[in-house]
Amino acid sequence: LDVAPGACLRVASAPYESPAIVCRKARALAEESDVFTYKEIGRSAQGRPLPMLETPERPIKMIVEATMQSCEPVSWGVMHLAHWLTIPTTRARSLLDRIQFALAPVSNPDGVGAGLSVTNAQGEVPKFGINDLVEGTRPAPLETEALWNYLLELKPDASLEVHAHFTKEGFTRSIGMHDKASMPEHMRAKAAAIEDAIYANYHADPLDNRKVLIDPREPEHNVYGDRYVAERAGTIRTFLQAVPDSLESHAADVREMVETIADALIAWEDQNR
């Protein structure tokens, strides 16, 4: 790039959308549909909202979060899912009848707004803040605290963290979850149902989607706070990391993963009534 003196460029691996626009779109969708309620679960250090779109309360609960790693903006896919759920189809309504969805299209708005990699405006890394928050080892980022408090209030059965992940050539998507063996025993059957559904949809031969289990008993995995999310909120964490070649393919990826997990939760509940 030929950059003139004094010029400032922002170079992104994916198109960034202003957090203010994301919030505006989320509010508009809630106002225009009978499906969602818009709320703000907190504010960032620079005063930006942390938006959440909620569907009506149901016995099964699922949260879909844009990753706090702000270099991977995924508001497009989360909002696509939100719009899809408002379409008056039997498929969408059957999910809404059984599951309460909570959708967070942006979770580190200061980081996205400034085009940062993984930090917020304070230089903190919100994604790695849950352990510090629970253990009291250091002040937690405001974004982390807001999401943690929301998880404790909602107690979702499952969460999906969405990434638009760019890495080595040939990588398409990486799909995984918190290793069920490291969860409290009463959660393992439900986790097995989700894991089986993910494996059947994404990892059956000859598919080569990368498979990852996050085991917080390993120090390099413990930074994510999954152990506390399982123990305190009762939530099974899953994630989707994909390399989208377009906004459309990213949106399709998010919907596919959400439907996979949602169907597994419904089947599990039906078997355990």
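In this predicted model, the loop between α7 (188-202) and β7 (210-214) contains Pro206, and the peptide bond that joins this proline to Asp205 is cis, with omega at about 10°. A further backbone feature occurs in the loop between α6 (142-154) and β5 (158-164), where Lys155 lies. Phi of Lys155 is near 50°, a positive value in a residue other than glycine, and the residue is partly exposed, its relative accessible area being 43%.

Helix α2, which comprises the 12 residues 75-86, reaches 17 Å from its first C-alpha to its last, close to the 16 Å expected at 1.5 Å a residue. Nine of these 12 residues are buried, so the helix is largely enclosed by the rest of the structure. The buried set consists of Ser75, Gly77, Val78, Met79, Leu81, Ala82, Trp84, Leu85 and Thr86. The buried residues of α2 pack against the helices α1 (19-32), α3 (90-98) and α10 (247-271), and also against the strands β2 (49-54), β3 (60-66) and β4 (99-104).

With regard to the cysteines, a search of the whole structure finds zero disulfides. For Cys8, the closest cysteine sulfur is that of Cys71, and because the two sulfurs are 17 Å apart, they are too far from each other for a bond. Cys71 also holds the closest cysteine sulfur to Cys23, at 20 Å, which is likewise too far for a bond. As for their surroundings, Cys8 is exposed, with a relative accessible area of 69%, whereas Cys23 is buried, with a relative accessible area of 3%.

Definitions and conventions
Residues numbered from 1 in each chain as written. Predicted model: local features only at pLDDT ≥ 70, side-chain atom pairs only at ≥ 80, totals over all residues. Heavy atoms only, no water. Helix = DSSP H or I, 4+ residues; strand = E, 2+ residues; numbered from the N terminus. Expected span 1.5 Å × (residues − 1). Buried < 20%, exposed > 50% of the residue type's maximum accessible area, 1.4 Å probe, protein only. Contact = heavy atoms within 4.5 Å. Disulfide = S-S within 2.5 Å.
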